[in-house]
Amino acid sequence: MIQFYHVSKIYSGNIHALDDITLQVNRGEFVFLTGPSGAGKTTLLKLIHCEESPTQGEILVNGINISRIKHSQIPYLRRNIGIVFQDFKLLKDLTVFQNVAFALEVTGIRGKELKRRTWKTLRMVGLLEKMDEMPLKLSGGEQQRVAIARALVNNPPILLADEPTGNLDPEITLDIINLMNNLNAGGTTIIVATHNTDLVRKYSKMVVKLVKGRTVDQLHPERPALRTEVKASFL
Amino acid sequence: MDFLRKAYRDIRRNIWINGVSIGIIVFSLLIFSIFLVVLVNLNKLMVHWEGKIQVISYLQDGLSTHEVEDLERRILDLKGVKSIKYVSKADATLLFKRFFGNQKGILEGLDLDILPASFEIQLKKEFYRGRGGNEFVKKLSQLKGITDIQYGREWITRLSTIVHLLRWGQWIVGGILFLAISFIISNTIKLSIYSRKEEIEIMRLVGATDGYIKIPFFIEGFFQGISGATLSLGLLFFLYQSFLLKSGPFIKASLGPITFSFLPWSSIGGVILVGISLGFLGSSLSLTRFLRA
């Protein structure tokens, strides 16, 4: 589903954010992208989401080579990739419903279809009864649920999350990750960038660890021996 | 509808900036259209005067009818003649008397036989401007039997130069105003963009096309341009009605038989089109910069 072949990203000023990354994420996989701050986690997500283009290497998403994608094609690719952030990025002057429906509106969906899909997604994240509230009246966990609903309302096969629980307390963090886990069980491929090692330990998921722009290890849940080793050496 | 709603919301959100921007457009386009009105009327005046101008060639005394006819034929053979009229000595005397009709006393004791016969030649339009007219007069003066030539081209040339300069001035002033206005609109739109920065960022994240993001801003620019242009034309018409038409006698004296007119429909359409394109140019200037960033 997502493949990186020798991808490097160098920002101006010769800053090597990513260095020769080769990576494969299969359909329906749940991946934790870990590593210290500045390791390149956000850059990696930005590359998948076409907010940045790689300096070197090729990236395939759903079989499309996005390292050579035309500027005009990027929006259509993004409709297949939901994204959530640590700071939620909700519009404060729109209600919960409007924030979620916003992602459908930009794709040209209107009327009954828009309402039906927004309601369905809000129900899925457990916020249907709060759909008329303004985001700032909600708790942090609820705000992140709205952001997840917005990322999912277009039924994207991929969900990217950049430190989605960075602003949330541990209980709510589990709540959010459980929600993502459920989505993953429904078939959505999920990549969560986090430096929360406790979180990574709790779930038996694929882990990609980045340090200074390089993958220092890729660990699969079906190889538990390695996971123990990871716990010892990296986490 | 969605786009219109968004544009309307943005305009309301930045009502003051939009107001100031429209005000500046009104003022700038007003200057431009005042130039246009003056030019339109000067042009009209010039066309009128050009039609009146003729070359009068005085004939030597004592030419026979045959010689006069021969001369007329040769003048007609010259390039640029639209029409020719022979004024005999008797006709000239008659005209002179008619001219001084009320003051016959002046003419008493004058020997009117001294008035020469002449040809009044009307030139084709294109011969009034440029070298054609001079060449015609030069060739005419070489013809035998012609003693003197009167030709009012010089001041037509002068007027035409003034109109020409004004026309250039109009484009130079127009060009500067055009740039200035598109800069102003682009800045207003930029403020609008910044007030919606977050929303645009999220739009892009969830897969909005550039077109979807741009259209409300184009509508905003369009609104500024068209309302600026319409208001400036309205103001110009008000000035025309209340000031120019009321100072009628003065204008009439300087324009002669020409009535001072407002802009023709084509120019009105032109000013509105300029306004609209300014709006589009202004908004696309700031949008392109923002979306590529």
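**Exercise 1. Strand pairing in chain B**

Find the bridge partner of V81(B) in β3(B), and then describe how the strands around it pair in this predicted model.

*Solution.* Begin with V81(B) itself, whose bridge partner in β3(B) is L123(B). Next, place this pair in its strands: β2, which covers residues 81–87 of chain B, runs antiparallel to β3(B), and the two are joined over six bridges. Then turn to β1, residues 55–59 of chain B, which also pairs with β3, residues 118–123, in the antiparallel sense, here over four bridges. Within that second pairing, Y58(B) has S118(B) as its bridge partner in β3(B). Taken together, β3(B) pairs with β2(B) and with β1(B).

**Exercise 2. The make-up of chain B**

Determine how many helices and strands chain B has, and what percentage of its residues is buried.

*Solution.* Counting the elements gives eleven helices and four strands for chain B. Of the 293 residues in the chain, 24% are buried. As a last step, consider the contacts in chain B with a separation of 6 or more, of which 88% link residues that are 24 or more positions apart.

**Exercise 3. Two helices of chain B**

Decide whether L231(B) is buried, partly exposed or exposed, and list the buried residues of helix α8 of chain B.

*Solution.* L231(B) belongs to helix α9, which spans residues 210–244 of chain B. Around L231(B) there are 18 other C-beta atoms within 10 Å, and because a residue needs 20 or more to be buried and 12 or fewer to be exposed, L231(B) is partly exposed. Although V26(B) lies 205 residues away along the chain, its C-alpha atom and that of L231(B) are separated by 6.1 Å.

For helix α8, residues 197–205 of chain B, the buried residues are I202(B), M203(B), R204(B) and L205(B). After α8(B) comes G207(B), which has a positive phi, near 100 degrees.

**Exercise 4. Where chain A touches chain B**

Work out how many residues of each chain take part in the contact between chains A and B, and which element of chain A gives the largest share of its side.

*Solution.* On the one side there are twelve residues of chain A, and these are in contact with ten residues of chain B. The elements of chain A that contribute two or more residues to its side are α2 (74–78) and α3 (96–105). The largest share is that of α2(A), with three residues. Finally, sorting the residues on the chain A side by character gives seven nonpolar, one polar and four charged.

Key. Residues are numbered from 1 along each chain as its sequence is written. Chains are lettered from A and ligands numbered from 1 in the order in which they are written. This is a predicted model: local features need pLDDT of at least 70, side-chain atom pairs count only at pLDDT 80 or more; totals for chains, interfaces and linings use all residues. Two residues are in contact if their C-beta atoms, placed from the backbone, lie within 7 Å. Ala, Val, Leu, Ile, Met, Phe, Trp, Tyr, Cys and Pro count as nonpolar, Asp, Glu, Lys and Arg as charged, and the others, Gly among them, as polar. Two strands pair if DSSP finds at least two bridges between them.
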